Protein chains: 2
Amino acid sequence: MAKELKDLTKRSDNYSQWYNELVVKADLAEQSAVRGCMVIKPYGYAIWEKMQHELDRMFKETGHQNAYFPLLIPKSFLSREADHVEGFAKECAVVTHYRLKNSPDGSGVVVDPAARLEEELIIRPTSETIIWNTYRNWIHSYRDLPILINQWANVFRWEMRTRMFLRTAEFLWQEGHTAHATEQEAWEEARRMLDVYADFAENFMAVPVIKGVKSANERFAGAIETFTIEAMMQDGKALQSGTSHFLGQNFAKAFDVTYVNKDNKPEYVWATSWGVSTRLMGALIMTHSDDNGLVLPPHLAPIQVVIVPIYKNSEQLAEISAVVEPIVKQLRALGISVKYDDAENKRPGFKFADYEVKGVPVRLAIGARDIENGTVEVMRRDTLEKHVAPLEGIAEYVKNLLEEIQANIYHKALDRRASMTRTVETYDEFKEEIEKGGFILAHWDGTTETEEKIKEETKATIRCIPFDGDTTPGVCMVTGKPSARRVIFARNY
Amino acid sequence: MAKELKDLTKRSDNYSQWYNELVVKADLAEQSAVRGCMVIKPYGYAIWEKMQHELDRMFKETGHQNAYFPLLIPKSFLSREADHVEGFAKECAVVTHYRLKNSPDGSGVVVDPAARLEEELIIRPTSETIIWNTYRNWIHSYRDLPILINQWANVFRWEMRTRMFLRTAEFLWQEGHTAHATEQEAWEEARRMLDVYADFAENFMAVPVIKGVKSANERFAGAIETFTIEAMMQDGKALQSGTSHFLGQNFAKAFDVTYVNKDNKPEYVWATSWGVSTRLMGALIMTHSDDNGLVLPPHLAPIQVVIVPIYKNSEQLAEISAVVEPIVKQLRALGISVKYDDAENKRPGFKFADYEVKGVPVRLAIGARDIENGTVEVMRRDTLEKHVAPLEGIAEYVKNLLEEIQANIYHKALDRRASMTRTVETYDEFKEEIEKGGFILAHWDGTTETEEKIKEETKATIRCIPFDGDTTPGVCMVTGKPSARRVIFARNY
C-alpha cells in the first residue's frame with residue numbers, strides 16, 4: 001500500500017488524474033457496475049455523514065423539518081412547469097414496467113411485457129413537482145404557511161460524462177422545499193439558506209465561497225432567481241457548491257396551490273428550493289488535498305487524531321499503551337475523535353502512509369524513548385511538519401492544533417483564490433487570462449447572447465454576479481454595451 | 001381538528017380502519033400520487049429519525065460502518081442466485097429508458113425510443129446482488145475480512161396491496177451486508193444482529209418480540225437460514241419486525257467472491273444480511289395506540305413533554321411563561337425534548353386534543369391558580385390519567401414519569417401477548433383458536449406441505465420456531481408425524 005500511494009499522480013502533472021486516483025486511493029469511492037453510479041465506501045461515507053450531521057443541525061436551527069417524498073414521479077408531473085421539463089427531460093431514468101419473468105429460453109429473466117405501466121414513472125431528478133403536487137392538499141389558509149421542509153434523498157440524472165462525487169448519475173443530496181404566503185418571505189428564505197450553505201462551506205469544509213446570483217443561462221430550470229456559492233479549486237476552476245432558488249409562484253401555478261389570505265382572498269403560494277449534494281465531497285477533496293493524498297478539515301474528519309505506537313516488542317507496546325490510553329480518554333472527553341492504531345500486522349511506516357493519504361489531520365507517534373523523555377512526535381497533515389511536544393497537556397495541545405489546522409487550510413484556500421482572481425478590461429485580455437485558470441472579473445452586458453458567445457469561444461461561464469465586491473458600472477468587454485458591474489467568469493466543474 | 005379527532009374509528013369497531021385513519025390524523029404519513037408510495041410527513045419522519053439514530057449507534061457499537069451502493073441493479077445480476085431472483089422478479093420496478101423528449105403533438109413529454117437501455121436496470125428491492133458484485137473486488141485475503149457494512153437506503157418492491165408503513169412499494173430501511181472468513185463467524189453475526197434488533201424493539205419501541213427461526217417457506221430468498229423478531233399487535237396479528245439472514249456461501253458463489261485463507265487456499269466467503277424498515281413505524285403505532293390516537297414510547301417520542309399555558313389575558317400568560325421558562329431549561333438539561341406551546345391562536349382544548357392524538361407522553365397544563373398554589377396539572381398519555389404535582393422538582397418528576405410510561409406500555413404489551421398466546425393439541429382446536437387471534441403454539445411436522453395446507457385452510461403462518469420456550473417433542477397436529485417442538489402460528493401483517 002505504502003508503495004502504491006507513492007504512485008499518486010502529481011497535481012502539476014495531471015490534476016484531473018490526480019483527483020480520480022485520490023478518490024480511489026483514499027478509499028472514498030469507486031465506480032460501480034452501473035454506468036455513472038459510484039459506490040461510496042465507508043471512509044468516504046463517514047465524511048458525508050459528518051457533513052449531513054452539521055447541515056441537518058443548521059437546517060433545524062433555522063426552523064426546518066425533515067420529511068420524505070416518493071422516489072418516483074409520474075411523467076405528466078414533469079411537464080407541468082415548462083422550464084422545468086425542458087431542463088430535466090433529457091436526463092430522466094424512466095420506469096416503464098413493474099415485473100420481470102423467466103425468459104422463455106430459461107437463461108435468466110426478461111421484462112414482462114404484460115406488466116407495462118399505463119403512465120411511465122421518472123426517478124426523481126429533483127422533487128419540486130411531486131412535492132408541490134402534495135403541498136396542494138396541505139395548504140388552504142395563510143395559517144398553514146410557511147411550510148419549511150427538507151428531504152435527504154438520492155436523485156438520478158442521466159449524465160453523459162460522469163466523475164466520482166463531482167457529477168454522477170445517482171447522487172445523494174438534501175433538497176429544501178418551502179412554501180410562503182408572501183414574495184418577501186420567500187426571497188428572505190432563499191437568501192437565508194444560501195447563508196447557511198456559505199457558513200457550512202467556510203466553517204466546516206474550510207472552503208471559501210463567493211455568494212452571488214446566477215445569470216439567466218445558469219439558473220435552475222423553473223426558478224425566477226438562483227443564488228449560488230462558488231468555490232475555487234486548486235487548478236483555478238470553479239465548483240458550484242450549493243444553490244438556493246427563489247421559485248416565485250411558478251410551481252404553485254403549475255400545481256394549482258393557492259391559499260386564502262387574511263383578507264379572505266385566494267392567492268398563489270410563493271416557493272423556494274435549495275440543495276447541496278455529495279458534490280461537496282469533490283469540493284472538499286479538490287480544495288485542500290496535495291500530492292501525498294487527502295487533506296481533511298478537522299471539523300469534518302472522521303478520525304481527527306491517530307496515535308501510532310513505535311515498539312520493538314510486546315513489552316514496549318504494553319508500556320506505550322499504558323501511556324496512550326489516558327490520552328485517548330482525555331482527547332475523547334474534549335470531543336475529539338481519536339484512533340489508537342496498535343495493530344501488530346502493519347509496520348509504522350505503512351500506517352503513516354495510510355493515514356497520510358486518508359488526510360487524518362494530526363498524527364501522534366510515540367516510542368519507548370518518547371516515554372522516557374515525556375514527549376511525543378506530532379505530525380500535522382496540512383503542512384506535513386513534524387515536531388516534538390511534551391506529553392504533559394497533550395490533549396489540550398492537540399485540540400488547539402486542530403483549530404489551527406482548520407484555520408490554516410481555510411486561509412491557504414482564501415489566499416490561493418485571491419492570487420488567482422484577476423480583473424480584465426478587454427476581451428483579448430480575458431481570453432489570455434482565462435487560459436491561466438482562476439476567477440476573472442469582467443464587465444458583461446447582461447445578455448444571454450454575449451454569455452453564450454464567451455462560453456463558446458473560451459469555455460468560461462459566468463459563475464455568479466457576486467453580492468459583494470466592486471459595483472462600479474462599466475462597459476461589456478465583448479459588446480461595449482453598458483454593464484452594471486463586474487461579474488465572475490471561470491471555467492468550471 | 002378537535003372535532004375531527006373524535007371521529008377516529010374505534011379499534012373494536014374496525015381495527016384496520018382505525019389504523020389507516022390514525023396514520024393520517026396523527027400527521028405521520030399520507031398516500032402519494034404514486035401508486036403504493038407514501039409521503040412521510042414531518043411528525044412521522046421525526047419518529048423514524050429517532051429510530052435511525054438509535055439503530056445507527058447500535059450498529060456502530062457492534063463494529064459496523066455505513067456505506068452507499070447504487071440504487072439501480074443490472075437485471076442480469078438478479079438472475080445469478082436462483083432463489084433470489086425467484087423471490088424478487090415479480091415485484092421489480094424496471095428502468096428501460098434514460099431520456100424523455102417532447103411529444104410530437106406538443107402535449108407534454110414522451111419516452112424517447114432512441115434512448116432504450118441495452119440492459120434494463122432494476123430499482124433495488126434489496127442490495128445483496130450489487131453489493132456482492134462489489135465485494136468481489138474488495139476481498140482477496142483473509143486479512144480483508146470481516147467486512148461489516150450497513151446501508152441506509154430506499155428500496156422498491158411492487159406490492160399489489162399496500163398499507164402505509166406496513167407494506168409500501170417504496171420504503172426506507174437499513175440493510176446490513178457482512179462478509180466473513182468462516183461459517184461460524186457468519187452465524188454469530190446473524191444472531192448478534194437479531195439481538196440488536198430485539199434490544200431496540202424492546203428498549204426503545206417498548207414492543208416485546210419473540211426471537212426465532214423462520215420455516216423454509218418464510219425464509220428470505222437466497223438465505224440458508226432467516227432469524228426473525230415477531231411482535232404481536234393489539235388485534236392479535238403478528239408483525240415480523242426485523243430479520244437477519246445467514247446466507248451461507250450462496251452469494252459468494254453467485255458472484256465468485258473468494259479469499260485466500262491462512263493456509264494459502266482459496267475459499268468462498270460467508271455472508272449475512274439483516275434489515276429493519278419503516279415497517280417498524282407500523283409496529284410502533286399498532287402496539288401502543290388507543291381510540292384517542294397515538295401513544296408513543298418516551299424513548300422515541302419527538303416531543304416527550306408538552307407544556308400548555310391556561311390563561312385569560314396576556315398578563316397571565318406572561319406570568320405563566322416566567323414560571324415555565326426555567327422548567328423548560330431544566331427539562332432540556334436532563335436531555336428531555338420539550339415544547340412550550342404558547343400559541344395564542346389555538347385554545348387549550350384544541351391543543352390538548354392535538355397532542356393527545358400525536359401521542360406526546362406527558363402533558364403539563366399550568367394556569368394562574370397553579371402558580372398561586374405552586375402546582376401543575378400532569379397528564380400521562382398512556383393511561384390518560386391526570387393529577388396535580390408540585391412545581392418544585394417537576395423536571396426530575398417528569399424524567400421519572402417518562403421512564404415509568406416507557407416501562408408501563410412495554411409491560412402492557414407483554415401482558416397482552418401473554419393473554420393472547422395459547423397452546424393447542426389438535427387441528428380442530430387450532431382452527432377454533434386461530435379465529436380469536438393471537439399466537440398459537442402447536443406441534444408441526446416440519447414440512448412445507450403441512451405448513452401450506454394450514455395456511456390455505458386457516459390463513460395462519462408459522463411466525464417462527466422460537467429460540468426459547470417449551471422444547472418438548474410431540475406429534476404434528478395435522479399429520480400426526482413427529483414434531484421436534486411447538487412453533488408459533490398466527491395470522492400476520
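User: Let's start with the open sheet of six strands: what is the order of its strands, and how do they pair?

Analyst: To read a sheet, walk across it from one edge to the other and note which strand sits beside which. This is a predicted model, and here the walk goes β4(A)-β8(A)-β5(A)-β5(B)-β8(B)-β4(B), with antiparallel pairing. So the sheet takes strands from chain A and from chain B, as that order shows.

User: Which strands stand at the edges of that sheet?

Analyst: Look for strands with a single partner. Those are β4 (72–74) of chain A and β4 (72–74) of chain B, so one side of each has no neighbour in the sheet. As for twist, neighbouring strands here are turned by 45° against each other on average, direction ignored.

User: How many bridges join β5 of chain A to β5 of chain B?

Analyst: For a pair of strands, check the bridges and the direction. Strand β5 (residues 94–97) of chain A and strand β5 (residues 94–97) of chain B are joined by three bridges and run antiparallel. If you want one pair to click on, His97(A) stands opposite Val94(B) in β5(B).

User: And beyond those strands, how many residues of chain A are in contact with chain B?

Analyst: Count the residues on each side, then sort them by class. There are 51 residues of chain A in contact with 51 residues of chain B. On the chain A side, the split is 32 nonpolar, 11 polar and eight charged.

User: Let's go inside one chain. Which domains does the assignment give for chain A?

Analyst: It gives domain 1 (27–288), domain 2 (303–401) and domain 3 (421–490). Take domain 1 and domain 3 of chain A: their centres, over C-alpha atoms, are separated by 29 Å. In the contact between these two, 16 residues of domain 1 of chain A meet 15 residues of domain 3 of chain A.

User: Which strands supply the domain 1 side of that contact?

Analyst: β11 (210–213) and β12 (225–232) of chain A each supply at least two residues to the side of domain 1 that touches domain 3. The most comes from β11(A), with four residues. By class, that side has five nonpolar, five polar and six charged residues.

User: Over to chain B: what is the order of the open sheet of 11 strands?

Analyst: Same walk, longer list. The order is β3-β9-β10-β16-β13-β12-β11-β24-β27-β23-β22 (chain B), and the pairing is mixed. At the edges stand β3 (65–66) and β22 (421–423) of chain B, each with a single partner strand, so one side of each is left without a neighbour in the sheet. Within the sheet, β24 (residues 461–466) and β27 (residues 486–490) of chain B run antiparallel and are joined by three bridges. One residue pair there is Cys464(B) with Ile488(B) in β27(B). Helix α6 (residues 128–138) of chain B packs on this sheet, touching β9 (147–156), β10 (170–180) and β16 (270–277), and its direction makes about 30° with that of β10(B).

User: Where is there a hairpin, and which residue in its turn has a positive phi?

Analyst: In a hairpin, look at the two paired strands and then at the residues between them. β20(B) and β21(B) form one with five residues between them, and Leu384(B) in the turn has a positive phi of about 65°. The two strands pair in the antiparallel sense over five bridges, with Met379(B) opposite Lys386(B) in β21(B).

User: Is Phe165(B), with its positive phi, buried or exposed?

Analyst: Count C-beta neighbours: 20 or more within 10 Å means buried, 12 or fewer means exposed. Phe165(B) has 26 other C-beta atoms within 10 Å, so it counts as buried. Its phi is near 70°, and it sits in the loop between β9 and β10 of chain B. Set beside it Lys459(A), which has a positive phi of about 65° without being a glycine. Lys459(A) counts as exposed because it has 12 C-beta neighbours inside 10 Å, and its place is the loop between α15 (448–458) and β24 (461–466) of chain A.

User: One last thing: where is a cis peptide bond?

Analyst: Check omega. The bond joining Leu145(A) and Pro146(A) is cis, with omega about -5°, and Pro146(A) lies in the loop between α6 (128–138) and β9 (147–156) of chain A. In chain B, the bond from Leu145(B) to Pro146(B) is cis too, with omega near -5°.

Key
Residues numbered from 1 in each chain as written. Chains lettered and ligands numbered in written order. Predicted model: local features only at pLDDT ≥ 70, side-chain atom pairs only at ≥ 80, totals over all residues. Domains from an automatic or database assignment. Contact = placed C-beta atoms within 7 Å. Nonpolar A, V, L, I, M, F, W, Y, C, P; charged D, E, K, R; others polar. Pairing = 2+ DSSP bridges. Axes fitted to C-alpha atoms, helices over the stretch in contact; angles between N-to-C directions.
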